[in-house]
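Let's walk through this structure together, from a single loop outwards to the whole chain. Have the model open beside you as you read.

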Amino acid sequence: MPTPSLTALPIRRLTLRDLTACADLSEDRGWPREEYKWGLLLAAGKGYGIDDPDGGLVTACVVTEYGPYSEPDLGAIGMVLVAERHARQGIGRRLMRHILSAMGTTPLTLHATPYGRPLYEELGFKVAGQAEMLHGHFAPGGPKPAVSTRAVTADDLAAILRLDEEVLGTDRTHLITRLPAFADQFRVAEENGRITGYAAAWPNMHTHVVGPLIAHDTETAQALITSLAAGTDRPLRTDIDVRHEELRAWARARGLAPVALNSVMTYGIQELPGDWTRRFAPLTVAAL
């Protein structure tokens, strides 16, 4: 049972001033520090946490909201962590209940590890799908992609935002407009002057994460990944919706090995909005 003093500690909003404490908490649980990703999430989303009287954080997480600013139509929960010394005392449950209350009737989603899934199911989240994490050095091979790709220009942003909202079923302007500065590479696929997909590769520790990955079809997704891989010598990591079996098999053949299988869960809705057939990978499993 948690001590009375621990249960009485207030939950507060986190800001970018808490970046180091959040990274320390990640490291405490054996996760990579991921300060770069924490920075994006704390800037674009709402962080929640509990201060430890002995220093650092007892727990933390981030909620990224989408849709109209005053009335979001979807929220993504990520980076739910509890310090090892306070684990298994109900702190994570308390934080999640606080978020559910704060978000009211806004539908929610998250990616759950097998370890975290029972808690989320207890709170009313339902499994809506799965995503396979793949990681490794990309090995070029096979036929040259027929789909044309190029680097994004400022003139592309409006079309990218329109495509993104169409595919995701919600407005992610506050995230997508951060990609030119956040990502090391940001590319579009184009056919007859029309943008048919886009993808970014952003640095996370010693890897480049491929995400978001939005594409008209599997061939377009392959072309985007191939073009991003050509621009880095780091290992790639991405989280592909398991329904895209052809892309997963192709990625494994190109050297990306399966690392984990996580559950995509929803609260307040049966499944994510938008068109999953063109939504191949999220920007990060901690957001959307």
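A good place to start is the loop that links helix H2 (19-28) to helix H3 (35-44), where you will find Glu34. Keep in mind as you look that this is a predicted model. The backbone at Glu34 has a phi near 50°, a positive value in a residue other than glycine. That deserves a second glance, because most residues other than glycine have a negative phi. Is Glu34 buried or exposed? Its relative accessibility is 5%, so Glu34 counts as buried, the limit being under 20%.

A second loop makes a nice companion. Arg88 sits between strand E4 (74-82) and helix H4 (91-103), and its phi, near 60°, is again a positive value in a residue other than glycine. The surroundings of Arg88 are another matter: with a relative accessible area of 63%, Arg88 is exposed, since exposed means over 50%.

The backbone has one more feature to show you. Gly211 and Pro212 are joined by a cis peptide bond, with omega at about 0°. Most peptide bonds are trans. Pro212 belongs to strand E10, which covers residues 207-215.

Now to the cysteines. How many disulfides does the model have? The count is zero. The sulfur of Cys61 is the nearest cysteine sulfur to that of Cys22, yet it is 9.6 Å away, and a disulfide needs the two sulfur atoms within 2.5 Å, so Cys22 is in no disulfide. Seen from the other side, Cys61 has Cys22 as its nearest cysteine sulfur and is likewise in no disulfide. Cys22 has 0% relative accessibility and therefore counts as buried; Cys61, also at 0%, counts as buried too.

Finally, step back to the whole chain. It contains ten helices and 13 strands, and buried residues make up 53% of its 288 residues. Why can the chain be compared with a compact globule? For 288 residues such a globule would have a radius of gyration near 19 Å, and the chain has 19 Å, which agrees. Along its principal axes, the C-alpha trace spans about 65 × 35 × 30 Å. Among contacts between residues at least 6 apart in sequence, 72% join residues at least 24 apart.

On the outside, the accessible surface comes to about 13000 Å², with 52% of it belonging to carbon and sulfur atoms. As for charge, the chain carries 29 positive and 34 negative side chains, and the centres of these two sets lie 3 Å apart.

Key
Residues numbered from 1 in each chain as written. Predicted model: local features only at pLDDT ≥ 70, side-chain atom pairs only at ≥ 80, totals over all residues. Heavy atoms only, no water. Buried < 20%, exposed > 50% of the residue type's maximum accessible area, 1.4 Å probe, protein only. Helix = DSSP H or I, 4+ residues; strand = E, 2+ residues; numbered from the N terminus. Rg over C-alpha atoms; globule rule 2.2 N^0.38 Å. Contact = heavy atoms within 4.5 Å. Areas by Shrake-Rupley, 256 points an atom, 1.4 Å probe, with all protein chains shown as cover. Lys, Arg positive; Asp, Glu negative; His and termini not counted. Charge placed at Lys NZ, Arg CZ, Asp CG, Glu CD.
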